[in-house]
Amino acid sequence: MKALETKLAQDFDIVFNQKNLLETAFTHTSYANEHRLLNISHNERLEFLGDAALQLVISNYLYRRYPDKPEGEMSKLRSMIVREESLAGFTKVCGFEKYIRLGKGEERSGGRKRATILGDLWEAFLGALYLDQGLPAVEKFLGEVMIPQVEKGDFDRVTDYKTALQERLQIHGTVDIAYTVIEESGPAHSKIFTVLVTVDGKELSSGTGKSKKLAEQAAAEVALKQLGN
């Protein structure tokens, strides 16, 4: 944690008062489960809080930045900014993935690169920062790291992957495209859904997300990539 504290201070001018919050934010459930006797806290509760803080800050920014955008467009833009893959990308940009504490099994299976884990880490860090220093600190950090990417227009091109996939597959006629939830994991407040997309009964691809709709979009996105789009 010392190396992480140094990085936060040097790169973002962030110094945690409650070191235990920072440590908890960077502790995955797999690590806590492998060290039950030590009674180590993991980051799921902080993730819940950080998600709320993130949604509020981004919503407030979009509301003020785009006074003429209707609610629907702002919602779509926000969903792209805070989607799992986006948050995982910001985690990597900040180099946070190097410091997360994972269980041995999760480490071996490539958990340090998994978008779900990295996105959750981002939210947990924001939750810890909120508890330690309040919402202004979260706004300042996101203003330095996330907002510049929004200003550059990186998220303006909102893609509806399900519609794109349907258009791609139905070029030569109608096909039956179905999305089915094949797995649900995680605690009740932070479930992860895995959705399988089939075409005329044949499996095409799968995707994960924090809601069924996001998982469907992820599955469609994977399918498009497989089809060479």
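Me: Which residues is Thr194 in contact with, leaving aside its neighbours within four places in sequence?
Reply: This is a predicted model. Thr194 lies in strand 2, residues 192-199. Leaving aside neighbours within four places in sequence, the residues in contact with Thr194 are Thr180, Val181, Ile182, Glu183, Gly207 and Thr208.

Me: Is Thr194 buried or exposed?
Reply: A residue counts as buried under 20% relative accessible area. Thr194 has a relative accessible area of 13%. Thr194 is therefore buried.

Me: In what order do the three strands of the open sheet stand, and which of them are at the edges?
Reply: The three strands form an open sheet with antiparallel pairing, in the order 1-2-3. Two of them have a single partner strand each, so one side of each is left without a neighbour in the sheet. Those at the edges are strand 1 (177-185) and strand 3 (202-209).

Me: By how many degrees are neighbouring strands of this sheet turned against each other on average?
Reply: The sheet in question is the open one with strand order 1-2-3. With direction ignored, the average turn between its neighbouring strands is 25 degrees.

Me: How many bridges join strand 1 to strand 2, and which residue in strand 2 is the bridge partner of Tyr179?
Reply: Strand 1 and strand 2 run antiparallel and are joined by eight bridges. Among the bridge partners in strand 2, Phe193 goes with Glu184. For Tyr179, the bridge partner in strand 2 is Val197.

Me: What phi does Gly186 have in the turn between strand 1 and strand 2?
Reply: Strand 1 and strand 2 form a hairpin, with six residues between them. Gly186 is in that turn, and its phi is positive, at about 90 degrees.

Me: At what angle to strand 3 does helix 12 run?
Reply: Helix 12 covers residues 212-226. It lies across strand 1, strand 2 and strand 3. Its angle to strand 3 is about 130 degrees.

Me: How far apart in space are Tyr161 and Gln217, C-alpha to C-alpha?
Reply: Tyr161 is found in helix 11, residues 161-169, and counts as buried at 16% relative accessibility. Not counting residues up to four places away in sequence, Tyr161 touches Arg83, Gln217, Ala220, Glu221 and Leu224. Tyr161 and Gln217 are 56 residues apart in sequence, but the C-alpha to C-alpha distance is 5.6 Å.

Me: Which helix gives the most to the largest nonpolar core?
Reply: The largest nonpolar core has 45 residues, and those with the most contacts inside it include Trp122, Phe125, Phe141 and Leu142. Several helices each supply at least two residues of this core, among them helix 1 (2-12), helix 4 (44-65), helix 8 (115-133) and helix 9 (135-145). The one that gives the most, with eight residues, is helix 8.

Me: How many residues are in the other core, which lies apart from this one?
Reply: Val197, Ala220, Ala223 and Leu224 are among the residues of the other core. Its total is seven.

Me: Why are the buried residues of helix 9 on the same side of the helix, and what arc do they cover?
Reply: The buried residues in helix 9 are Ala137, Val138, Phe141, Leu142 and Val145. They are on the same side because the arc they cover around the axis is only 125 degrees.

Me: Are helix 8 and helix 9 roughly parallel, roughly perpendicular or oblique to each other?
Reply: In this pair, Trp122, Phe125, Leu126, Leu129, Tyr130 and Gln133 of helix 8 meet Leu135, Ala137, Val138, Phe141, Leu142 and Val145 of helix 9. The axes are 7 Å apart, and the packing angle is about 140 degrees. Helix 8 and helix 9 are therefore oblique.

Me: Are helix 4 and helix 8 oblique or roughly perpendicular to each other?
Reply: The axes of helix 4 and helix 8 come within 6 Å and cross at roughly 80 degrees. Angles of 65 to 115 degrees count as roughly perpendicular. Helix 4 and helix 8 are therefore roughly perpendicular.

Me: What phi does Gly95 take, just after helix 6?
Reply: In helix 6, the buried residues include Leu87, Ala88, Phe90 and Cys94. Just after this helix, the phi of Gly95 is positive, at about 75 degrees.

Conventions
Residues numbered from 1 in each chain as written. Predicted model: local features only at pLDDT ≥ 70, side-chain atom pairs only at ≥ 80, totals over all residues. Heavy atoms only, no water. Helix = DSSP H or I, 4+ residues; strand = E, 2+ residues; numbered from the N terminus. Buried < 20%, exposed > 50% of the residue type's maximum accessible area, 1.4 Å probe, protein only. Contact = heavy atoms within 4.5 Å. Core = buried A, V, L, I, M, F, W, Y, C linked by side-chain atoms within 4.5 Å. Arc of directions from axis to C-beta. Pairing = 2+ DSSP bridges. Axes fitted to C-alpha atoms, helices over the stretch in contact; angles between N-to-C directions. Parallel < 35°, antiparallel > 145°, perpendicular 65-115°, else oblique.
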